[in-house]
Amino acid sequence: MSPLVDAHQRECALSSAFCVLAREIDRRRAWSEVENGVRRLLIALAIACGTLACFAAPAAGAQPVTTFNTAGGGTVPCLGAPTRGPGGFVSACILGRMFEAQNFYNDGSGGQWTLVFFCVANRPVTFDTAGHTISCTMWQTMVFDNTDAVTKQVHQVTCAVNTQITVDAVGHVACMGGAPTPQTNPASVEDPVADVTWDVEGGQWFFHSNGQIDGLVNGTVVWSGRWAQLGHYLYKYEFSYHGQNTSVWLRFADPQGVGHATEFLGYPSADMSTPFRHGQIAGSP
């Protein structure tokens, strides 16, 4: 690693593109004259950024960055003391620098797949008992692929820079105000979820035809999740709110016989024995 990156390890922490490039270049051992020139240019640019406070020293009295262990065997850089869970492993803290999250999941056939994303510094991050990063603030805009457990379809959700994301136990990502990818064939989607707004107690639910559902209060998205079709007018959706993962089962209906669903009942469990939510299509009297 170059002396520049060593000298500013805490301040840089991969948050500057020049430092990222300097780290990559320093991994090499053989140099041509052109490569050496590029290396010197990058280091000069990083030093120039330093004069513009890109690598400003921490303010007096700032908390030191300390590395703690997660339950999954990884480490996380935290400011101050973290919140600890079972076994004494970190369950939540304020990030001391940018953090690369790597969550490993079973793909159902004996293999594993990996979800990688980046969390911005000076924001809260939380972990589950398996060491998965389940909540953080995005360092950059990213597109995530969520595979529906029932239909096996892949739904994409775009999470913008500086927005909070949550990750459930199977690796599905939801984000505040996430931009959904347009549905290529909306005609194949049942009418209750084909880009439709429903009025519920305390706000509205908007079902995107691509599989996303947003909860709105006064027009502002306060949570996002994913819906899955279980049968005709029978659905389940999952969302995360304040780090808690929740599932709701829905049964849509057309009681007036108008040709499309106008009401639904929501249930807290798969047996659908006792409804606890009622909704009607927006604009209904």
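How many bridges join strand E13 (residues 196–200) to strand E20 (residues 277–281)? In this predicted model, the two strands are joined by two bridges and run antiparallel. Within this pairing, Trp198 stands opposite Ile281 in E20. Strand E20 also pairs with strand E19 (residues 263–267), again in the antiparallel sense, and here the number of bridges is four. In E19, the residue Leu265 stands opposite His278 of E20.

A charged residue, Asp214, is found in strand E15 (residues 212–217). Asp214 is buried but takes part in no salt bridge. Its nearest side chain of opposite charge belongs to Arg226, at 7.8 Å, whereas a salt bridge requires a separation within 4 Å. The side chain of Asp214 instead has polar partners: a polar contact of 2.7 Å links it to the side chain of Ser224, and another, of 2.9 Å, to the side chain of Gln212. When neighbours within four places in sequence are set aside, the residues in contact with Asp214 are Gln204, Trp205, Phe206, His208, Val221, Trp223 and Ser224. Ser224 thus appears both in this list and as a polar partner of Asp214.

The model contains three disulfides. Taking the bonded cysteines of the protein chain in sequence order, they pair as 1-2, 3-4, 5-6.

One disulfide joins Cys78 to Cys93, with an S to S distance of 2.2 Å. Cys78 belongs to strand E2 (residues 75–84) and Cys93 to strand E3 (residues 90–95); the two cysteines are 15 residues apart, and the pair links distant parts of the chain. The torsion about their S-S bond is about -70°, so this disulfide is left-handed. Cys78 and Cys93 are both buried.

Another disulfide is formed by Cys119 and Cys136, likewise with 2.2 Å from S to S. Because Cys119 lies in strand E5 (residues 112–119) and Cys136 in strand E7 (residues 133–137), the link ties together parts 17 residues apart in sequence. The value about the S-S bond is -75°, and the link of Cys119 and Cys136 is left-handed. Both of these cysteines, Cys119 and Cys136, are buried.

The remaining disulfide is that of Cys159 and Cys175, whose sulfur atoms are 2.4 Å apart. Cys159 is in strand E9 (residues 154–159) and Cys175 in strand E11 (residues 173–175), so parts that are 16 residues apart in sequence are tied together by this pair. With -90° about the S-S bond, the link of Cys159 and Cys175 is left-handed. Cys159 and Cys175 are each buried.

Technical notes:
Residues numbered from 1 in each chain as written. Predicted model: local features only at pLDDT ≥ 70, side-chain atom pairs only at ≥ 80, totals over all residues. Heavy atoms only, no water. Pairing = 2+ DSSP bridges. Buried < 20%, exposed > 50% of the residue type's maximum accessible area, 1.4 Å probe, protein only. Lys, Arg positive; Asp, Glu negative; His and termini not counted. Polar contact = N/O pair within 3.5 Å; in protein donor to acceptor, adjacent residues only side chain to side chain. Contact = heavy atoms within 4.5 Å. Disulfide = S-S within 2.5 Å.
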